Amino acid sequence: FRIMAGKVKWVTDIEKSVLINNFEKRGWIQVAENEDWNFYWMSVQTIRNVFSVETGYRLSDDQIVNHFPNHYELTRKDLMVKNIKRYRKELEKEGSPLAEKDENGKYIYLDFVPVTFMLPADYNLFVEEFRKNPSSTWIMKPCGKAQGKGIFLINKLSQIKKWSRDSKTSSFVSQSSKEAYVISLYINNPLLIGGKKFDLRLYVLVSTYRPLRCYMYKLGFCRFCTVKYTPSTSELDNMFVHLTNVAIQKHGDDYNHIHGGKWTVSNLRLYLESTRGKEVTNKLFDEIHWIIVQSLKAVAPVMNNDKHCFECYGYDIIIDDKLKPWLIEVNASPSLTSSTANDRILKYNLINDTLNIAVPNGEIPDCKWNKSPPKEVLGNYEVLYDEEMAQSDGPDRDMRSRSGQTTGIKGNRARDSGKPVLTTWK
C-alpha cells in the first residue's frame with residue numbers, strides 16, 4: 001500500500017516545517033520521530049482507501065490517522081445540514097427543552113444554520129419557501145467542493161432553471177453530469193467592519209466522538225473581503241463582495257499580501273468589546289462555542305468512532321449585524337498553506353499542538369490510551385467539551401448554559417475575570 005511504504009525521520013524543525021508546508025501537494029505526510037513511529041497525515045481521499053472494505057487494510061495499535069472514516073457526515077455541506085435537522089427532531093421527540101421553539105416555530109436554542117435545501121431532491125420545497133419571500137437572496141454551493149469553487153448567488157427562480165427540465169410540472173430533475181448542491185438563505189445582513197464582510201475560521205480538534213471530547217484552538221482568525229459589502233442585486237455576481245475565501249480574495253486588486261485580509265480572533269474580541277461591550281461580546285463567543293458543540297453532538301451517533309482517529313476541523317462562522325452567529329460549513333482539511341508570515345506561525349503552532357494532543361509526550365502512539373492528555377501539553381488548545389465530565393455535572397447543564405449561567409470547565413459559575421471562559425455543556 002503506497003502510503004504505508006517507507007518511513008520519514010526528520011532531525012530539525014526546518015525539515016519538519018518543509019514537510020508540513022508541502023503536505024497538501026503530497027496529499028499526506030508520514031510523521032516519524034524514531035524508527036517505530038507510524039503517524040500519518042492523510043488526505044480525505046486516502047482515508048477512504050485505508051478504511052474501505054475492499055483494501056482489507058487494518059491499522060495496528062501504534063498507527064494513528066488524522067481523519068475519522070466517515071468524517072464527511074459533518075464536512076459535506078448537505079450531510080451536515082441533514083444530521084443537524086435529524087438531531088433537532090430527535091431532541092423534539094425526547095421532549096428536550098433544547099428543542100424548544102418560539103411562537104413563530106423557530107428553534108430558540110438550535111437555530112444556528114441558515115434555511116437550507118438539497119438540490120435536486122428538495123427543489124419543490126425550495127420553490128415553496130422562495131415564493132413566501134420572493135425578494136430574498138439565496139446562495140448555491142456544490143456539496144463536495146471547497147475554496148469557494150462553484151458558488152453563486154441567486155434572487156430569481158429563473159436563475160436556476162437550467163437545472164429544471166420539466167417546466168410543465170415545475171419538477172426538478174438532475175442531469176447525470178451535475179453534482180448535488182445545497183441552496184441556503186443568504187445572510188444579507190452580515191456584521192461589517194470597515195464596511196467589509198468577514199467570517200471566522202476556527203479550529204476544533206476532536207480526539208474521540210464516544211465519549212465526545214473536543215478542544216477549541218485559541219488562535220483562530222477572521223477573513224475579510226477586499227471589496228466593501230453591498231446587498232445590491234447588481235453586485236450578486238461579484239465574489240470579492242460576498243465570499244471571504246482566501247483562494248478567491250487573493251486574486252482581487254485590493255488584496256493585501258502582508259496581512260492577507262485577516263484579523264486574529266483576539267483582535268476581533270477587542271474590537272467588539274470596545275464597540276458593543278464586554279458582556280455582549282462574551283455572549284457571542286459563548287454562542288459560537290455552543291454551536292460547535294451541538295454540531296459535533298449532531299454527528300456523534302453516526303460517526304465511525306475508530307480508535308485510531310482524531311480530526312482537526314476548520315469551522316466557518318458568520319456573524320450578522322445583530323451579533324447572532326451562524327454555522328456556514330465545517331472543513332475536513334482546513335488549509336495549512338501560509339499566505340502571510342503570521343499565518344505561517346499560527347499554522348505551525350496549530351500542527352505542533354495538534355500532534356502533542358494526538359500523541360502526548362512524543363511517545364510511540366497507542367490507540368488504546370484514554371485520549372485525555374495532561375493540561376500542560378494542550379498548548380493553544382482549551383477543552384471545549386468533555387462528555388464524561390459534563391455527565392457528572394448533572395442533566396440540566398445545557399439549560400443552565402443557555403439561560404446565561406455560563407458554567408466553567410470545573411462546574412463553577414464563571415466569574416467576570418476579563419478572560420473568556422469555555423463551557424463544557426452536557
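**Asn155, strand S7 and some unusual bonds**

Mentor: Asn155 is buried, with a relative accessible area of 14%. Keep in mind that this is a predicted model.

Trainee: Why is Asn155 called buried?

Mentor: Buried means under 20% relative accessible area. Asn155 has 14%, so Asn155 counts as buried.

Trainee: Where is Asn155?

Mentor: Look in the loop between strand S6 (152-154) and strand S7 (181-185).

Trainee: Which residues does Asn155 touch, leaving out those up to four places away in sequence?

Mentor: They are Phe130, Pro134, Ser136, Thr137, Thr233 and Leu236. A contact needs heavy atoms within 4.5 Å.

Trainee: That loop leads to S7. What makes S7 largely enclosed by the rest of the structure?

Mentor: Count its buried residues. In S7, 4 of the 5 residues are buried, so the strand is largely enclosed.

Trainee: How do you know that S4 and S7 pair?

Mentor: Pairing takes at least two bridges. S4 and S7 are joined by 4 bridges, so they pair. They run antiparallel. One partnership sets Phe117 against Ile183 of S7.

Trainee: How many bridges join strand S5 to S7?

Mentor: There are 5, and these strands also run antiparallel. At least two are needed, so S5 and S7 pair as well. Here Pro142 has Tyr181 of S7 as its bridge partner.

Trainee: What is the phi of Leu323?

Mentor: Leu323 has a positive phi of about 60 degrees, and Leu323 is not a glycine. Most residues other than glycine have a negative phi. Find Leu323 in the loop between strand S13 (311-319) and strand S14 (325-331).

Trainee: Is Leu323 buried or exposed?

Mentor: Buried. Its relative accessibility is 7%, and the cut-off is under 20%, so Leu323 qualifies.

Trainee: Which residues does a cis peptide bond join, with omega about 15 degrees?

Mentor: Leu119 and Pro120. Pro120 sits in the loop between strand S4 (116-119) and helix H6 (123-132). A second cis peptide bond, with omega about 5 degrees, joins Arg210 and Pro211. Pro211 belongs to the loop between strand S9 (196-209) and strand S10 (212-217). Most peptide bonds are trans.

Trainee: How many helices and strands does the protein chain have?

Mentor: Its secondary structure comes to 13 helices and 15 strands. The chain has 426 residues, and 52% of them are buried.

Trainee: How much area does the protein chain expose?

Mentor: About 20,500 Å², with carbon and sulfur atoms supplying 49% of it.

How values were computed. Residues numbered from 1 in each chain as written. Predicted model: local features only at pLDDT ≥ 70, side-chain atom pairs only at ≥ 80, totals over all residues. Heavy atoms only, no water. Buried < 20%, exposed > 50% of the residue type's maximum accessible area, 1.4 Å probe, protein only. Areas by Shrake-Rupley, 256 points an atom, 1.4 Å probe, with all protein chains shown as cover.
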